[in-house]
Amino acid sequence: MADFRDIGLAAGVNILSALIFLIAFAILRLQPFNDRVYFPKWYLKGLRTSPTQSGAFANKFVNLDWRSYIRFLTWVPEALKMPEQELIDHAGLDSAVYLRIYLLGLKIFVPVTLLAWAILVPVNWTNNTLAQTADKLEFSNIDKLSISNIPHASQRFWTHVVMAYAFAVWTCYTLKKEYETVATMRLHFLASEKRRPDQFTVLVRNVPPDTDESVSECVEHFFLVNHPDHYLTHQVVINANKLAKLVKEKKSKQNWLDYYQIKYSRNPLQKPTRKTGFLGLCGDKVDAIDYQTAEIDRLSKEIDEERERVKTDPKCIMPSAFVSFKTRWAAAVCAQTQQSRNPTLWLTEWASEPRDIYWDNLAIPYVSLTVRRLIVAVSFFFLTFFFVIPVTAVQSLANIGSIEKKAPFLRPIVEVPFIKSFIEGVLPGIALKIFLIVLPTILMIMSKFEGYLSKSSLERRSALRYYLFNFINVFLVSVIAGSALEQLKNFSKLAPGDIPRTIGVAIPMKATFFITYVMIDGWAGVAGEILRLKPLIFFHLKNFFLVKTEKDREAAMDAGSIGFNTGEPQIQLYFLLGLVYAVVTPIFLPFILVFFALAFVVYRHQIINVYNQEYESAAAFWPAVHGRIMFALIFSQIVLIGLMSTKGAATSAPFLIALPIMSYFFHLFCRGRFEPAFVNYPLQEAMMKDTLERAREPNLNLKGYLQNSYVHPVFKDEEEEEDDDHVNGKYDDNAVVATKRQSRRNTPAPSKMSGASSPSLPDVVPEN
């Protein structure tokens with residue numbers, strides 16, 4: 001069991017690793033040939049030029065200015081000095097609010113840490129309960145700082161009860177203020193942001209089939225009848241997944257052709273060759289340039305044929321469409337109301353912005369979504385269940401006794417003080433981190449299979465599952481396997497009445513494992529994030545072998561989004577650990593604070609200089625962030641009640657029962673008060689923005705602006721003719737709505753005042 005020496009070694013190793021990463025970053029970022037790796041966002045915005053384009057030859061590769069090395073830590077104040085409003089303009093609201101999660105951690109845990117160390121640590125330390133049970137229970141001197149060191153049925157438990165209430169009140173107050181702030185930021189952002197296609201557009205799904213009309217004609221007819229004064233245009237959803245795969249394959253072949261041509265230009269005496277078999281590893285050896293050229297020609301013909309097919313084949317037309325309106329107010333009304341008597345037809349929701357759409361899933365039939373989500377739920381259950389095995393195995397690494405028992409020949413090695421401290425203080429956290437590397441990819445595949453239509457919703461869904469996985473496997477299984485199971489041998493010797501008491505004392509002792517995990521994942525891991533070693537290597541390889549144009553170079557250096565699906569669950573795990581151990585083992589809290597402070601500085605630098613957000617959801621993820629922190633708070637209170645019930649605190653423990661109940665009602669209050677701002681768009685805000693826009697741009701051609709916004713990306717390169725009948729946004733509100741239905745040749749559009757709907761119209765309307 002890890003003690004202060006083991007934790008000290010782990011802290012030393014991880015602090016040294018973090019310092020090496022930070023110093024390496026500070027030096028590498030100064031070199032001109034790495035400029036595009038550490039400042040790609042400024043290049044993509046066109047606000048930075050490469051230092052390798054001017055100056056002496058040596059200065060193009062190595063920074064020879066010795067003064068810049070003295071100021072190598074200037075990146076820290078530079079990352080902190082940008083004001084938040086400027087950060088929103090530069091990186092978007094999503095990125096700015098994401099950083100506020102780290103700030104929220106500091107706001108909650110700085111006062112909690114100070115209070116816990118000032119009151120709880122002295123209360124826990126000034127006892128000798130664990131020393132009296134040394135013959136029954138394994139413990140270390142770290143555990144003397146935890147609640148396990150309080151005597152059975154002691155009056156000192158009242159201190160923990162009062163501190164639990166104090167921590168809960170402060171956490172809830174901070175969460176409410178932050179929820180209110182983020183909600184205000186979101187509404188202000190929506191009111192002040194520039195015009196975007198998604199402000200005027202809704203996604204309509206489950207369009208009912210009609211034997212007389214195509215999907216496009218049916219959508220146009222429905223909205224001209226039911227939204228006669230506001231409907232503008234629409235774009236039906238096309239299943240172009242096969243075409244997209246062909247285009248992607250062609251780009252890959254083109255990259256290989258560029259590589260072979262560059263290789264040949266550098267050595268004209270030797271033409272490059274490759275094999276025609278699987279991955280170029282087997283088959284006949286042929287001329288690589290001729291082979292790739294032939295493959296590109298073949299794919300070009302297939303792309304042309306497939307493009308024509310998807311335009312004409314009715315099977316490629318999905319019963320869905322992006323419908324755009326003349327005003328934001330009309331789009332908000334349509335997106336937030338029921339369109340048909342049958343609630344399963346004509347389903348409307350806000351369209352994501354074009355950059356946010358995950359086009360592959362638009363081709364999934366709506367009726368199959370329930371089955372898909374059931375399959376994924378079952379798969380996730382088994383994934384979580386079977387992952388218990390490696391996590392339990394990892395926990396055995398933290399127990400020297402179990403290693404010596406299973407491998408007696410290793411006893412002389414593991415008993416060496418340094419190796420013993422490394423095994424108990426460093427190895428378990430590293431092993432668990434390795435097991436979790438492939439998990440985000442698996443969870444993202446599951447989310448895509450479920451059929452979510454936007455990248456933001458895919459990331460939020462994947463983040464939820466990642467959090468559940470961390471809660472079950474990283475937290476619960478680690479606690480159970482690391483405390484109850486490792487004490488199983490001792491339990492067999494105890495009287496039945498002593499077992500619950502022993503479990504209550506043993507569970508807090510697992511804090512030492514999580515301390516090492518936080519140092520490895522939260523300290524060294526965050527420092528490794530800013531070094532960007534993998535992107536650094538990949539960029540230079542691409543730049544040397546594949547980059548042919550400036551556009552290729554931009555694609556090579558683009559770092560993409562920050563990765564909400566992996567970053568947010570990691571933060572939430574630290575919120576969970578901090579809240580659970582705040583009362584139980586206060587020594588844990590400073591390690592959490594170091595993570596939040598370091599991560600805030602590092603990721604603020606990365607958001608300013610590196611990550612280029614692929615989409616903007618206006619902080620739509622915040623309700624999920626708030627909900628998971630509240631879950632952690634309520635769970636920590638339930639754990640504390642269970643723990644104190646085993647400690648004989650019969651007089652003080654019952655006073656904790658009201659705490660999770662009040663916390664839950666606080667969560668309901670916040671959800672009712674603030675969450676609607678993240679789900680619906682207020683009609684008042686929409687009308688204000690429409691009125692201002694009409695006053696500023698009375699001649700705006702909105703249809704021309706929206707016409708091709710939601711065309712599938714594989715068709716974006718094609719030139720499409722504009723409809724001359726709708727120039728400058730002028731429409732005939734009293735026009736007759738044409739239809740091919742046999743029962744109703746022409747359907748008069750309802751007037752502005754009548755609001756009549758289709759079923760109330762006469763069965764047959766005479767043609768003019």
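This is a short talk through the helices, aromatic rings and a few single residues of one protein model.

Okay, hi everyone. Before anything else, please keep in mind that we're looking at a predicted model.

Let me start with the overall picture. The protein has 768 residues, and 49% of them are buried. In terms of secondary structure, there are 33 helices and 8 strands. If you take the contacts with a separation of 6 or more, 80% of them are between residues 24 or more positions apart. Keep that one in mind, we'll meet some examples.

Now, on to the aromatics. The structure holds 42 aromatic pairs. I'd like to show you one of them, Y102 with Y603: the ring centres are 5.5 Å apart and the planes sit at 10°, so this pair counts as stacked. And where do Y102 and Y603 lie? Y102 is in helix α7, residues 93–125, while Y603 is in helix α28, residues 589–609, so the pair ties together parts that are 501 residues apart in sequence. Both tyrosines are tucked away: Y102 is buried at 0% relative accessibility, and Y603 is buried too, at 10%.

These two also have company. They belong to one aromatic cluster, along with Y98, F109, F564, Y574, F575, F595, F596 and F621.

Staying with α28 for a moment, have a look at N609, which is also found in that helix. Is N609 buried or exposed? Buried, since its relative accessibility is 9%, and the cut-off for buried is under 20%. What does N609 touch, leaving aside residues up to four places away in sequence? It's a run from the other end of the numbering: Y38, F39, P40, K41 and W42. With F39, the C-alpha atoms are 4.8 Å apart, although the two residues are 570 residues apart along the chain.

F39 turns up again in another role. The charged end of R48 sits over the F39 ring, 4.1 Å from the centre. There's another arrangement of this kind at R373, whose charged end sits over the ring of Y452, 4.5 Å from its centre.

Next, two helices. The first one I want to show is α24, residues 511–531. It has 21 residues and reaches 29 Å from the first C-alpha to the last, close to the 30 Å expected. But α24 does have a kink, about 35°, centred on G525. How many residues of α24 are buried? That would be 19 of the 21, so this helix is largely enclosed by the rest of the structure. Right after α24 comes R532, with a positive phi near 55°.

The other helix is α10, residues 215–226. Its 12 residues should span 16 Å at 1.5 Å a residue, and the end C-alpha atoms are indeed 16 Å apart. Among its residues, C218, V219, H221, F222, F223 and V225 are buried.

That C218 brings me to the cysteines. C218 has a relative accessible area of 3%, so it counts as buried, and C316 is buried as well, at 4%. How many disulfides does the structure hold? The count is 0.

So, if you'd like one thing to look at in the viewer afterwards, go to α28: Y603 stacks on Y102 there, and N609 touches residues including F39 and W42. Thanks, that's it from me.

Methods:
Residues are numbered from 1 along each chain as its sequence is written. This is a predicted model: local features need pLDDT of at least 70, side-chain atom pairs count only at pLDDT 80 or more; totals for chains, interfaces and linings use all residues. Side-chain values use heavy atoms; hydrogens and water are left out. A disulfide is a pair of cysteine sulfur atoms within 2.5 Å. Buried means under 20% relative accessible area, exposed over 50%, partly exposed in between (1.4 Å probe, protein chains only). Helices (H or I, at least four residues) and strands (E, at least two) are DSSP runs, numbered from the N terminus. The expected span of a helix is 1.5 Å times one less than its number of residues. The bend at a residue is the angle between axes fitted to the seven residues ending there and the seven starting there. Rings of Phe, Tyr and Trp (its six-membered ring) pair if their centres lie within 6.5 Å; planes under 30 degrees apart count as stacked, over 60 as edge-to-face and the rest as tilted. A charge sits over a ring if NZ of Lys or CZ of Arg is within 6 Å of the ring centre and within 35 degrees of the ring normal. Contact means heavy atoms within 4.5 Å.
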